[in-house]
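Me: I would like to learn how to read the fold of a protein model, step by step. Could you take me through one example?

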Amino acid sequence: MQFKNLKTLFPFVLLFFLGCVNPFAPALDNGTLAGDLITEQRTPEEVLTNFRYAYTFKDSLLYADVLDSAFVFQYFDPDQGPSGLFVSWTRDVDLRTTGGVLRTFDIINLEWLNTVYALQEGEDEILAKSFRLDLSSADFSFTASGFAIFTFRRNTQDHKWRIVRWVDESQI
């Protein structure tokens, strides 16, 4: 009698398990897209890779991690004073400003182009890079290109490189 019940139950069990298998479905990925893209910031170039991904994916937490606590952003404003002035701000202002940019635009594409020069000054590394930044929203599109000089410093606690100074020399 038990054998007869097992024969009756077997087709249902088989159909149940076959119903859970989709031969056309792709295999599950054990990793994450972010894990494959985001670097450990072991070099200044890896910091710029994370910088680019932070802009592209609008990730303010990743962006905050590329900036050192002593970060300063600097640019030249030709409209300030009689012959222009250098304007600068600190990490907290930059995080608020960048957060606004990330929220405002639907599509952000940042491309690092050429390395113009690379220097080492003590424990700091300096990279001068050309770039192109495309910002698009439903109402507005904007492209900036130019030149940025980054000073990187390696953190003694977590050994990640971060940006301590960014001088934007783009012509907007």
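Me: Among contacts in the protein between residues at least 6 apart in sequence, what percentage join residues at least 24 apart?

Reply: Bear in mind that this is a predicted model. Of the contacts between residues at least 6 apart in sequence, 47% join residues at least 24 apart.

Me: Which pattern does the protein follow when read along the sequence?

Reply: The secondary structure comes to five helices and six strands, and along the sequence these follow the pattern α-α-α-α-β-β-α-β-β-β-β.

Me: How do strands of a sheet pair, and what is the order of the six strands here?

Reply: In general, the strands of a sheet pair through backbone hydrogen bonds, in either a parallel or an antiparallel manner. In this structure the six strands form an open sheet with mixed pairing, in the order E2-E1-E6-E5-E4-E3. Strand E2 (85–90) and strand E3 (107–121) stand at the edges and have a single partner strand each, so one side of each lacks a neighbour in the sheet. From one strand to the next, the twist averages 25 degrees.

Me: In which sense do strands E1 and E6 pair, and which helix packs on the sheet?

Reply: Strand E1 (residues 67–77) pairs with strand E6 (residues 161–168) in the parallel sense, over five bridges, and Leu67 stands opposite Ile163 in E6. Helix H3 (residues 44–56) packs on the sheet, where it touches E3, strand E4 (124–136), strand E5 (141–154) and E6; the direction of H3 makes about 165 degrees with that of E3.

Me: What percentage of the residues is buried, and how much area does the protein expose?

Reply: Of the 172 residues in the protein, 32% are buried, while the protein exposes about 11,600 Å², of which carbon and sulfur atoms supply 58%.

Note on methods. Residues numbered from 1 in each chain as written. Predicted model: local features only at pLDDT ≥ 70, side-chain atom pairs only at ≥ 80, totals over all residues. Heavy atoms only, no water. Pairing = 2+ DSSP bridges. Helix = DSSP H or I, 4+ residues; strand = E, 2+ residues; numbered from the N terminus. Axes fitted to C-alpha atoms, helices over the stretch in contact; angles between N-to-C directions. Contact = heavy atoms within 4.5 Å. Buried < 20%, exposed > 50% of the residue type's maximum accessible area, 1.4 Å probe, protein only. Areas by Shrake-Rupley, 256 points an atom, 1.4 Å probe, with all protein chains shown as cover.
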